[in-house]
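Open the model in your viewer and keep the selection box ready. We will go stop by stop.

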Amino acid sequence: MESTLKEISSNGDSVLDMKDKCGVAGGVEDMYGEDRATEDQPITPWTFSVASGYSLLRDPHYNKGLAFTEEERDAHYLRGLLPPTVLSQELQEKRLIHNLRQYQVPLQRYMAMMDLQERNERLFYKLLIDHVEELLPIVYTPTVGEACQKYGSIFRRPQGLFISLKEKGKILEVLKNWPEKTIQVIVVTDGERILGLGDLGCQGMGIPVGKLSLYTALGGVRPSVCLPITIDVGTNNQKLLDNEFYIGLKQKRATGQEYAELLEEFMSAVKQNYGEKVLIQFEDFANHNAFDLLAKYRTTHLVFNDDIQGTASVVLAGLIASLKLLGGTLADHTFLFLGAGEAGTGIAELIALEITKRTSVPLEEARKKIWLVDSKGLVVSSRLESLQHFKKPWAHDHEPVKELIDAVKAIKPTVLIGTSGVGKTFTKEVVETMASLNPKPLIMALSNPTSQAECTAEEAYTWSKGHAIFASGSPFDPFEYEGRTFVSGQANNAYIFPGFGLGIIMSGTIRVHDNMLLAASEALAGQVTEED
């Protein structure tokens, strides 16, 4: 085959030696590797073999610790390297969960879980799967937020790829340095907007690592096909720049053309190296980049923004499920958002799409049921010229309103949703007003981590005198009020993205469409209703 290809070159050059040139979405010049997506791709040229003996005990993919049987200890040269007893995986799990519960500080539990993942991957996932309700807040929000803040201090060994401005022009080579050849899911962040904590730069790696552990634990995706990536273009967080232990580039963030070129090279390299069907999940990019990246690449790559689309899908599922308590249909309700960023506008758009789907009213008409409040007040048509492009569809005709409480009184919403990233903004007056307007006000304080939630479960139930239906982004403990125990809902993206990603992988789709998100929301809402 090689000799045939060499012969068919008309100008004397070998076709195999020709380099791909820039084309539009691949095309004839196959910039992104679509034509080679099913062929073997070149990888770093070293041989791969499963270690034995002492090296096997240091390999987290194959190490079983004391669970190695007598026969395995003989076969893999482990005699003398382990204590003589054989402990089943179940007994190891029992011991580990007991040890974890001795830690009083959540970050200590997080570090213990990461240590386990780095030495015994199978036991890590066994533990996480069997105790997911208890450990989800540890490996994911809210604890992962604190882990990212202190990532430079607790960093031990890399768990993903770090691609910085230093690698510009060499990103394809960097991808080939990763030992796994077949990758199906990439979670990537640039660390500029980590949860509600702001710019954490390179230390945002904790987010892709945590998300992908849930792809395996909750979605069943093999860990070997998951790749966490942090793109380091600097940070505007002065505290990190002044910190001698900061592990990222010590410079201000690159923006404009320099940033766009690095992301373009990254997206092209991923497609060339892993093919058309690799899912790229954007995480915690700042608003101005999140919308632009999704708009730019959603027609050429298999991309999904969890902050815009995942949050929207899980919140829509909660809204649909809550209708059995609220009554009516989505179209019968009025929605008011505090926060008009990627999460807020993403949720709003999916609500409008679901209303349109159910009632056949035009999308523009459905949007009129939804109002947004940003840092300057109610988003209204008189502000149209100064609004960012993603806010403009929500600029309705209304007199300007500056404060949230005044917006609540003017709009009279049945549903209040917080995506502001600012804690304590659903004040007592706001909640009491919602309760005065509605027999069962639905209040969703979605900002993460817990410290950034617009209000707590206790506040929502107390101030509404037990009438509110409450959900949050991070979990709150059950709360007792006047003899009744209230268990709040959690609008956690983990209920959506692992299954959504698995469905994308299994179906072989090459693009993410809005109707997929609507289907995911409806399926999750149906599951919640069945369990209730």
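The tour below starts with the whole chain, then moves to the sheet, a helix pair, the annotated sites and some backbone oddities.

**Whole chain**

Keep in mind that this is a predicted model. Show the cartoon first: the chain has 22 helices and 14 strands. Now color by accessibility. Of the 532 residues, 53% are buried. Long-range contacts are well represented too: among contacts with a separation of 6 or more, 68% link residues 24 or more positions apart.

**The open sheet**

Select strands 8, 7, 6, 9, 10, 11 and 14. In that order, these seven strands form an open sheet with mixed pairing. The edges are strand 8 (377-378) and strand 14 (489-490), each of which pairs on one side only.

Start at the strand 8 edge. Strand 7 (370-374) pairs with strand 8 in the antiparallel sense, over two bridges. Pick D374 and you will find G377 of strand 8 opposite.

Add helix 15 (306-326). This helix packs on the sheet and touches strand 6 (335-338), strand 9 (415-418), strand 10 and strand 11 (469-472). Its direction makes about 155° with that of strand 10.

Next, select strands 9 and 10 together. They run parallel and are joined by four bridges. V415 stands opposite L442 in strand 10. Strands in a sheet pair through backbone hydrogen bonds, so turn on the backbone atoms to inspect such pairing.

Now show side chains on strand 10. Which residues point one way, and which the other? L442 and M444 share one direction, while I443 and A445 take the other. All four are buried. Alternation between the two faces of the sheet is what a regular strand gives.

**A helix pair**

Select helix 18 (404-411) and helix 19 (428-437). Their axes lie 9 Å apart and make an angle of about 5°. The two helices therefore count as roughly parallel, because that label covers angles under 35 degrees.

Show the side chains in the contact. Helix 18 brings L404, I405, V408 and K409. Helix 19 brings E429, V430, T433, M434 and L437. By class, the contact has six nonpolar residues, one polar and two charged.

**First annotated site: E283, D284 and D307**

Select these three residues. An unreviewed UniProt entry marks them as "binding site". They spread over 25 residues of sequence, yet they cluster in space, with a largest C-alpha distance of 6.7 Å.

Zoom in on E283. This residue sits in the loop between strand 4 (279-282) and helix 14 (287-297). Is E283 buried or exposed? E283 is buried, because its relative accessible area is 1% and the cut-off is under 20%. Leaving aside residues up to four places away in sequence, E283 touches V187, V188, T189, D190, I207, K211, D306 and D307.

**Second annotated site: R193, N448 and N492**

Select this trio next. The unreviewed UniProt entry covers them with a "binding site" annotation.

R193 is in the loop between strand 2 (185-189) and helix 11 (206-219). With 24% relative accessibility, R193 counts as partly exposed. Beyond its sequence neighbors up to four places away, R193 touches G198, D284, F285, A286, D307 and E342. Two of those names, D284 and D307, also carry the annotation from the previous stop.

N448 is in the loop between strand 10 (442-445) and helix 20 (457-463). N448 is buried, at 18% relative accessible area. With residues up to four places away set aside, N448 touches T141, L195, G196, G473 and S474.

**Cis peptides**

Stay at N448. The peptide bond from N448 to P449 is cis, with omega near -10°. P449 is in the loop between strand 10 and helix 20.

Move to T141, one of the residues that N448 touches. A cis peptide bond joins T141 to P142, with omega about 10°. P142 lies in the loop between helix 7 (132-139) and helix 8 (143-149).

**Positive phi**

Most residues other than glycine have a negative phi, and most peptide bonds are trans. Two last picks depart from the phi pattern.

Select Y77, where phi is near 60°. Y77 lies in the loop between helix 3 (70-75) and helix 4 (89-100) and is exposed at 61% relative accessibility.

Finish at S360, with a positive phi of about 65°. S360 is in the loop between helix 16 (342-359) and helix 17 (363-367). At 63% relative accessibility, S360 is exposed.

Note on methods. Residues are numbered from 1 along each chain as its sequence is written. This is a predicted model: local features need pLDDT of at least 70, side-chain atom pairs count only at pLDDT 80 or more; totals for chains, interfaces and linings use all residues. Side-chain values use heavy atoms; hydrogens and water are left out. UniProt positions are given in the numbering used here, feature names are shortened, and annotations may be inferred rather than shown by experiment. Buried means under 20% relative accessible area, exposed over 50%, partly exposed in between (1.4 Å probe, protein chains only). Contact means heavy atoms within 4.5 Å. Axes are lines fitted to C-alpha atoms, for helices over the stretch in contact, and angles run from 0 to 180 degrees between N-to-C directions. Angles under 35 degrees count as roughly parallel, over 145 as roughly antiparallel, 65 to 115 as roughly perpendicular and the rest as oblique. Ala, Val, Leu, Ile, Met, Phe, Trp, Tyr, Cys and Pro count as nonpolar, Asp, Glu, Lys and Arg as charged, and the others, Gly among them, as polar. Two strands pair if DSSP finds at least two bridges between them.
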